[in-house]
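Biologist: I should like to request a close look at one part of this model, followed by an account of its surroundings. Please consider the structure shown here.

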Amino acid sequence: MTTVERADEAVRPGDWLRERLSNALSEFTAAAALIVLFVALSFASPHFLTADNLFNIGAQTAVIAIIATAQTMVIITKGIDLSVGSVAALAGVVGAMTVRDLGFSVWTATLVAIVIGALAGLVNGLLVTAARIPPFIATLGMMSAARGLVFIITGAVGVYGLPESFQLLGNGEIAGIPFAIVLTGLVAIGIAFLLSQTQFGQYTYAMGSNLEAARRSGISVGRHLTTVYVIAGVLVGLGGMIAASRVNSGQPNYGIALELDVIAAAVIGGASLFGGQGRIIGTLIGAFLIALVRNGAVLLDISIHVQMVIVGLIIWAAVYFDQYRRRRLESRG
Amino acid sequence: MAHSIKTRRRPPARRRHAAALTVLVATTVLGACGGVEVRDGNDDQATEAADPSGDAPGPLELAVLPKAVGHEFWTTVRAGAECAAEQAGDVTVEWDGVTAETDVEGQVNLVQNFVTTQVDGIVYAATDSAALAPATQAALDAGIPVAMIDSGTEPQPDEVPLYATDNRAAAVEAANLLAEELGEGEHDVALIEFQPGSQTNTERVEGFTEGLAQHDNLTLVGQQPSHSDVNEARRVTEDILTANPDLAGIFAANEPSVLGAAQAVEAAGLSGEIVIIGWDAAPDEVAGLRSGQISALVVQNPFNMGYLGVTNMVNHLREGTPLESADTGVTFLTQENVDTDEAAAILEPSCDNPPVG
């Protein structure tokens with residue numbers, strides 16, 4: 001909200017401090033839960049705290065973390081993107097077909113997947129800004145349309161028979177570290193920088209806090225909002241390609257209900273669906289918190305049904321503490 | 001386009017004066033919905049004579065619904081259904097399905113839509129045995145005969161047949177095969193199931209654990225579902241491998257589960273060391289079998305499910321033949337028999353050489 005005030009040129013020192021404190025606390029709650037779970041699992045399973053397992057968790061979470069980063073950007077603008085799973089699937093199968101049917105390299109395929117994601121983001125963005133369709137509806141339409149496209153172009157059959165090289169993004173390594181983890185790190189740092197250190201980032205928060213104020217303060221709202229959706233689309237395209245690469249095939253059914261996982265990660269990490277709030281570090285913490293629950297449950301052979309209940313409880317707890325803390329801060333202010 | 005829900009109304013096929021119009025509509029729709037429609041004048045006469053009710057045979061429109069679109073298995077069911085429709089003549093197959101096997105409610109709605117549009121018969125695979133029972137009953141109440149393929153309902157009315165694999169018996173055999181491949185000594189094994197709650201899943205899980213009980217040297221150390229998602233299957237398998245470094249064997253109970261499990265084993269550098277017994281025969285599964293990544297595949301006959309479902313439904317509608325359940329059979333595919341003619345008919349079923357009968 002600091003940015004809004006800058007945009008509005010109505011900064012009050014108290015607000016600024018409160019906001020900083022609020023963000024830090026929100027991430028602190030989620031981070032504390034993450035650390036507690038991490039320590040508990042280290043004691044509960046002898047296999048948890050091993051390099052292999054930690055790399056596994058990192059690679060398993062890469063796609064969700066990257067797409068959750070995209071979702072966070074959209075949520076900060078007071079939007080929501082329900083189409084991430086479908087668009088990721090579309091990018092993945094098109095990427096796979098680019099290699100299998102057209103014989104291009106995995107790098108070209110990745111570029112194609114990213115362009116597909118960007119185009120979907122552009123359509124989402126234009127629907128929201130130019131056509132004035134609420135983000136929930138605009139991306140709901142894209143969710144259905146993109147999934148339909150996936151089935152049409154694949155004939156509803158997985159894209160198989162890919163060369164070994166296709167596995168580069170999902171299964172490759174750089175200096176012993178899974179490539180997927182490196183990519184997640186680069187994306188997270190890049191977007192965190194974009195949001196916190198640039199004018200573009202300031203505008204993004206400003207639009208989410210108060211769109212009208214942002215518009216009046218001279219921000220070209222339509223263009224910036226569309227750009228946010230395009231950047232989110234780029235990340236979703238990249239994520240879809242990594243997911244396809246991990247299973248060495250383009251799966252038409254990939255990513256169904258993925259939007260719920262990534263929204264959960266963002267919300268646990270402190271992003272507010274009312275806009276103007278959320279940081280990449282928080283979202284990463286949220287994504288890994290969910291990942292740890294799932295990893296731990298399998299290591300301890302706990303049923304999937306219990307895992308789902310636990311994730312639900314975490315979402316409630318995270319948002320409850322967030323609201324509680326916010327009320328406290330506001331009543332003090 | 002094949003997956004859109006069609007709500008257009010058709011005239012009842014039995015009415016002779018409407019038949020010509022229906023054919024026209026069916027032919028027009030063909031290009032859009034990818035259905036099969038074959039006209040054969042001689043066939044008309046033959047079936048008319050055989051029709052006990054004396055009604056005109058007329059073209060038939062059958063709704064054929066998989067659990068979900070998007071998997072090799074269901075695409076093969078479709079090929080079998082369309083082959084049967086082509087051979088029967090004058091039968092249109094409306095192929096339509098939800099996009100995820102978990103979308104039980106979506107399938108209930110889909111069945112209801114086909115009841116509303118008054119198709120001549122419904123041939124479908126239930127995503128959930130209990131949830132779809134009322135939908136089947138509603139179709140019967142509306143006078144539309146139903147045949148189940150792959151997965152039935154609970155309860156299943158007497159007049160509704162099931163054309164499916166005997167999943168339980170085949171899964172017992174899969175456990176025996178796993179025991180045979182692993183040989184003497186104590187071994188830890190894991191089970192990757194797919195959709196807890198679905199009848200097919202339950203039968204395979206129960207059959208496998210029943211089979212395991214006959215082999216004291218095998219211990220089930222991990223059991224997780226993939227939700228028919230390859231990425232999910234890979235993730236849970238990786239985690240099971242982490243928790244059980246001595247894991248010797250895996251039984252994965254459907255196509256996405258097998259592919260994900262094989263990917264995880266490959267990524268852990270354990271390919272060939274861990275015995276994987278899989279189910280279904282997607283191209284990458286067969287490739288994995290050939291390369292030694294997968295030891296054996298339990299291969300059902302989805303072509304036969306679609307084929308028997310449509311053939312028997314057509315016979316029922318045109319000749320009043322009672323609908324009776326049948327086992328569609330399985331083949332155990334290994335490196336030894338993967339290149340035989342029998343395997344070829346199952347792996348690449350075509351209407352020229354259908355793996356039926």
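What should the 16 residues of helix α6 (residues 167–182) of chain B span at 1.5 Å a residue, and how far apart are its end C-alpha atoms?

Modeller: The model is a predicted one, and every value below is computed from it. Helix α6 of chain B runs over residues 167–182. At 1.5 Å a residue, its 16 residues should span 22 Å, and the end C-alpha atoms are 22 Å apart, so the expected and the modelled span agree.

The burial of this helix can be given residue by residue. At its start, B:N167 is buried. Further along, the buried residues are B:A170, B:A171, B:V172, B:A174 and B:A175, followed by B:L177, B:L178, B:A179 and B:L182. An α-helix has 3.6 residues a turn, so residues three or four places apart point the same way. Just after α6(B), B:G183 takes a positive phi of about 75 degrees.

Chain B also touches chain A, and that contact takes 30 residues from each of the two chains. On the side of chain B, the elements that each supply at least two residues are α3 (72–88), β7 (218–225), α8 (230–243), α9 (255–267) and α10 (283–291). The largest share comes from α8(B), with 10 residues. Sorted by class, this side of chain B has 13 nonpolar, 10 polar and 7 charged residues.

The partner, chain A, has 14 helices and 2 strands. For its 333 residues, a compact globule would have a radius of gyration near 20 Å, and chain A has 20 Å, so the two agree. Along the principal axes, its C-alpha atoms fill a box of roughly 60 × 50 × 35 Å. Buried residues make up 53% of chain A. Of its contacts with a separation of 6 or more, 78% join residues 24 or more positions apart.

One residue of chain A serves as a local example. A:I280 is found in helix α13 (residues 280–299) of chain A. A:I280 counts as buried because 26 other C-beta atoms lie within 10 Å, where the cut-off is 20 or more. Leaving aside neighbours within four places in sequence, A:I280 is in contact with A:T69 and A:T72, and also with A:A188, A:I191, A:A192 and A:L195. The C-alpha atoms of A:I280 and A:G190 are separated by 9.8 Å, although these residues are 90 residues apart along the chain.

Notes. Residues numbered from 1 in each chain as written. Chains lettered and ligands numbered in written order. Predicted model: local features only at pLDDT ≥ 70, side-chain atom pairs only at ≥ 80, totals over all residues. Contact = placed C-beta atoms within 7 Å. Helix = DSSP H or I, 4+ residues; strand = E, 2+ residues; numbered from the N terminus. Nonpolar A, V, L, I, M, F, W, Y, C, P; charged D, E, K, R; others polar. Rg over C-alpha atoms; globule rule 2.2 N^0.38 Å. Buried ≥ 20, exposed ≤ 12 C-beta atoms within 10 Å, placed from the backbone. Expected span 1.5 Å × (residues − 1).
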